[in-house]
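Thank you all for coming. Before I begin, please take a moment to look over the sequence and the model on the screen.

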Amino acid sequence: MSAKKTVCILDPYRKDAVALLQSEPDLEVVPPDDPRKSHWREIADGILVRSETRITAEDLNAASRLQVVVKQGVGVDNIDLDAAKERGVAVHNTPALNSEAVAELSLALALSLSRRVTELDRRIRGGERVVRSNALGMSLFRKTVGVVGMGNIGRAAARKWIGACEASVIGYDPVAPDGIWPDIPHKRVASLDELLRTADVVTLHVPLMQSTRGLIGAQELTLMRDNAILINAARGGIVDEAALLHELRKGRLWGAVLDAVEKEPPTLEEHREFLDLDNVIMTPHIGGSTMENQSESGKAAARTLMAVLRGETSVGVNFLWKITVQSSHNEASLRELQPTPGRGGFAGSHRAPAQISKTFGEFGASLGVEVSAWPGLGSETNAAQPACLWDEMACNTNVSLSGGSTDGLQGQKGAEHVILVAVAVEAPRSQFGRIPAARLSQLSGRTCDEVAQWHHTHVVASIASGAGSWPTMRPFKSLQTCLGLLPLLAVDTLGAFATIGSRTDETSAVGTAPPCLCSSNATRLPEGSWDSHFHVIDPVRFPPLPDAAYKPGTHTVWENSVFEHSIGCDHVVMVQPSIYGTDNTLLVESLKAYGPERARGVVVFDVENTTAAQLADWNRVGVRGVRINLQSINATESVDELERTLRVHAEAVKPFDWVLQLYAPMELIPSIETFVPTLGVRIVFDHFGDPKMPQPTGDPQKLDPYSIEGFGAMVRLLKQGRTWVKVSAPYRVSKLPGPNYSDLDSVTSELFRAAPLRVVYSSDWPHTRFEGLDIRPWNAHLLELVGGDVKLRQQLFRDNARGLWQSSRHNSTLGTKY
């Protein structure tokens with residue numbers, strides 16, 4: 001941010017989120033209790049809101065400086081999206097952060113209702129003498145729970161019901177693909193009616209849109225079992241409240257839990273008829289309202305706002321929504337599928353053309369999507385919808401149309417084809433927290449069978465059912481990375497595609513050059529660069545070890561892909577973080593999603609309990625190293641013990657030609673210097689070799705790096721040719737503040753001079769214990785240290801990593817485009 005910008009916080013935010021904004025020197029922050037807040041329309045460049053404040057068209061028209069509105073939470077129905085779009089004001093939210101909290105509340109309230117906790121508490125407080133013989137509740141142990149909406153929250157709710165109550169779970173979602181919950185015991189039902197007739201508890205986890213408004217009405221309520229419980233912790237309007245009130249008064253249902261109602265917050269004046277009933281619990285939409293969740297989502301909103309005001313709002317990603325059609329009709333009937341220009345999207349499944357056109361607006365209205373289909377494409381449709389349609393944690397992403405071309409997309413009559421509609425996505429990385437992966441594969445000119453060989457997910461089956469060759473994607477020819485498969489929310493049958501990594505001087509599929517997150521081409525890394533150290537962390541789906549040294553937030557492959565694009569890295573090495581110990585499940589899942597053309601992995605395993613077959617399986621998906629981490633876990637081993645550890649790991653991975661990655665203090669290196677060359681494998685030291693930097697006492701540039709214990713031994717190993725060191729994580733070892741960490745300059749320069757072929761760049765994203773840190777200014781400083789030495793620049797960022805992670809034993813395609 002060049003000029004100082006003003007941010008107004010219109011609703012209460014937690015102190016840590018406010019402090020994060022206030023830490024940005026280029027921002028003037030107006031907190032909620034500041035009298036200036038009332039003048040936000042005149043002074044604000046950006047605003048933060050929650051659900052309390054409504055942003056109307058009049059507000060937006062009056063806010064001449066306003067660039068962005070960020071809503072903490074998922075729903076953006078309190079913001080006039082049409083007016084924001086007309087004014088050119090970006091609107092963002094914080095999806096994918098509430099799942100566990102909402103699921104937790106829905107379970108807690110259902111148990112409170114079934115055991116009559118709130119009713120009995122209220123009666124006792126009112127002075128009534130309540131005896132337990134008159135306070136019988138209903139057990140929910142081993143009952144049947146119906147989950148409507150199988151997205152993130154539904155998934156979390158199902159897990160909690162099974163874990164807490166050994167429930168039998170049935171799920172209903174008309175758009176989610178088969179196999180969406182592979183790790184959750186459940187029965188998938190084909191209709192809502194079937195679920196309602198079967199379930200003892202019905203819990204709703206869908207967004208509010210035209211197709212879900214009044215989803216549970218009078219007819220649906222009559223289908224529910226006697227003594228059933230209805231939970232709405234999603235959105236008001238999904239349940240017909242008048243019909244529910246009528247059914248509750250009959251006493252046939254055990255009751256209802258309402259954390260979401262049409263008029264919020266619930267009040268005695270508006271909801272007296274519900275509140276007079278003992279079989280109703282109402283709460284003021286507090287599903288996400290935990291201290292932990294509000295802290296994380298508040299900081300996510302703050303980070304999003306700061307990113308937008310820095311100009312980091314576009315990541316050069318074009319989603320291509322796939323619709324499978326039978327093109328056996330004439331062109332006139334195909335044209336019926338084209339929606340009227342304007343806000344739209346795909347919300348219909350197995351519907352006639354006229355119905356599809358009608359429902360384009362329903363999906364678009366909930367997402368802020370503007371779509372224009374290519375003319376002449378469509379027919380009676382079997383539409384593969386975005387699988388996140390009912391996933392309220394992922395569907396509220398601000399996207400807008402950028403256009404497209406039909407070149408090369410024409411099919412042949414009588415065959416099944418894939419129709420693509422281009423949608424450009426504009427959002428900072430935090431918007432995509434639940435999108436698990438970007439699978440980048442060259443598709444242009446390939447046959448469907450070839451595509452099927454590349455991708456491990458069910459989307460292949462959908463593609464491979466077509467006839468002939470994959471259509472040539474001529475609009476994408478100039479893209480550096482071309483097309484890739486993008487599973488949204490690990491839902492593979494969607495068949496979405498993405499173009500990621502295009503350079504600023506190239507033309508995208510929609511005719512514009514996608515801007516980079518970096519400030520200029522001068523700070524971008526060389527083409528083909530590698531990031532040799534980053535982590536994927538998902539504490540929601542994959543909780544860390546109980547004794548984990550730190551507890552970071554969620555950082556997904558998709559977020560990393562956006563980050564790597566921002567710095568210009570085309571290839572990555574995913575490293576198992578210490579918080580997961582030897583459970584490499586998330587790493588392997590993420591590595592598969594990234595794909596072997598772009599990514600390598602480093603695992604952690606117990607030699608005694610890991611078979612050669614397991615290593616071979618990991619090797620097939622791109623694992624090329626094992627990490628021995630003595631620092632993050634505060635391990636202490638004698639030299640003899642460390643030698644035994646290194647040797648047994650070396651022997652295990654030697655058949656696969658893997659790398660031993662060692663994170664240990666530099667002062668230990670002299671003790672291992674003699675036997676490291678005898679291990680017979682390549683070695684790489686993490687984070688400059690983890691030197692113990694002295695406290696600066698003058699010009700840090702004059703520090704003699706050889707005065708640091710272990711530095712000389714490390715350099716000698718580097719010069720022998722089988723050892724590398726990562727130039728990474730300066731904030732972990734430096735004694736000076738960023739962004740330059742200048743006491744490391746002499747260390748870095750000497751490594752460049754003494755061993756230019758053995759240094760590899762690494763970002764250490766997401767910086768784990770240093771969340772919120774921006775490494776890009778240090779990247780720029782690193783490029784300054786390299787200076788005009790083009791060869792060193794290529795070695796540091798590209799060639800050395802390629803040699804380290806690509807052995808001659810592997811038929812890898814990584815890094816072939818140089």
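I will start with the chain as a whole, then turn to one sheet, two helices and a few loop residues.

First, what we are looking at is a predicted model, in which local features need a pLDDT of at least 70 and side-chain atom pairs count only at pLDDT 80 or more, while totals for chains, interfaces and linings use all residues. Residues are numbered from 1 along each chain as its sequence is written, and side-chain values use heavy atoms, with hydrogens and water left out.

The secondary structure of the protein chain comes to 26 helices and 27 strands, where helices (H or I, at least four residues) and strands (E, at least two) are DSSP runs numbered from the N terminus. Of the 818 residues in the chain, 59% are buried; buried here means under 20% relative accessible area, exposed means over 50%, and partly exposed lies in between, with a 1.4 Å probe and protein chains only. If we take the contacts between residues at least 6 apart in sequence, 74% of them join residues at least 24 apart, a contact being heavy atoms within 4.5 Å.

Let me move to the sheet. It is an open sheet of eight strands with parallel pairing, in the order β20-β21-β22-β23-β24-β25-β26-β27, and two strands are said to pair if DSSP finds at least two bridges between them. Which strands stand at the edges? They are β20, residues 529–534, and β27, residues 759–761, and each has a single partner strand, so one side of each is left without a neighbour in the sheet. From one strand to the next, the twist averages 25°; for such angles, axes are lines fitted to C-alpha atoms, for helices over the stretch in contact, and the angles run from 0 to 180 degrees between N-to-C directions.

At the β27 edge, three bridges join that strand to β26, residues 723–727, and the two run parallel, with K726 standing opposite V760 in β27. Helix α22, residues 711–720, packs on the sheet and touches β25 (682–685) and β26, its direction making about 120° with that of β26.

In the loop between β25 and α22 we find G710, which counts as buried at 9% relative accessibility. The C-alpha atoms of G710 and L668 are separated by 6.8 Å, although these residues are 42 apart along the chain. Leaving aside residues up to four places away in sequence, G710 touches M666, I669 and P670.

The loop between β27 and α25 (776–786) also deserves a look, and P766 is found there; the peptide bond from W765 to P766 is cis, with omega near 0°. D764 has its place in that loop between β27 and α25, with a positive phi near 65° in a residue other than glycine, and D764 is buried, with a relative accessible area of 0%. Another cis peptide bond runs from G738 to P739, with omega near 10°, and P739 is found in the loop between α23 (730–733) and α24 (745–754).

Now to helix α26, residues 790–805. At 1.5 Å a residue its 16 residues should span 22 Å, and the end C-alpha atoms are indeed 22 Å apart, which agrees; the expected span is 1.5 Å times one less than the number of residues. There is nevertheless a kink of about 55° in α26, centred on L796, the bend at a residue being the angle between axes fitted to the seven residues ending there and the seven starting there. The N-terminal end of α26 is capped by D789, which has a side-chain oxygen 3.3 Å from the backbone nitrogen of K791. Among the buried residues of α26 are L792, L796, F797 and W805.

Helix α7, residues 152–165, can be treated in the same manner: its 14 residues should span 20 Å, and its end C-alpha atoms are 20 Å apart, which agrees. Its buried residues include I153, R155, W161 and C165, and what covers the buried residues of α7 includes α5, β6 (144–148), β7 (168–172), β9 (201–204) and β10 (229–232). After α7 comes E166, whose phi is positive, near 50°.

I will finish with N227, in the loop between α9 (218–223) and β10. N227 has a positive phi of about 65° although it is not a glycine, and N227 is partly exposed, with a relative accessible area of 38%.

How values were computed. A polar contact is a pair of N or O atoms within 3.5 Å; within protein, one must be able to donate a hydrogen and the other to accept it, and residues adjacent in sequence count only if both atoms are side-chain atoms.
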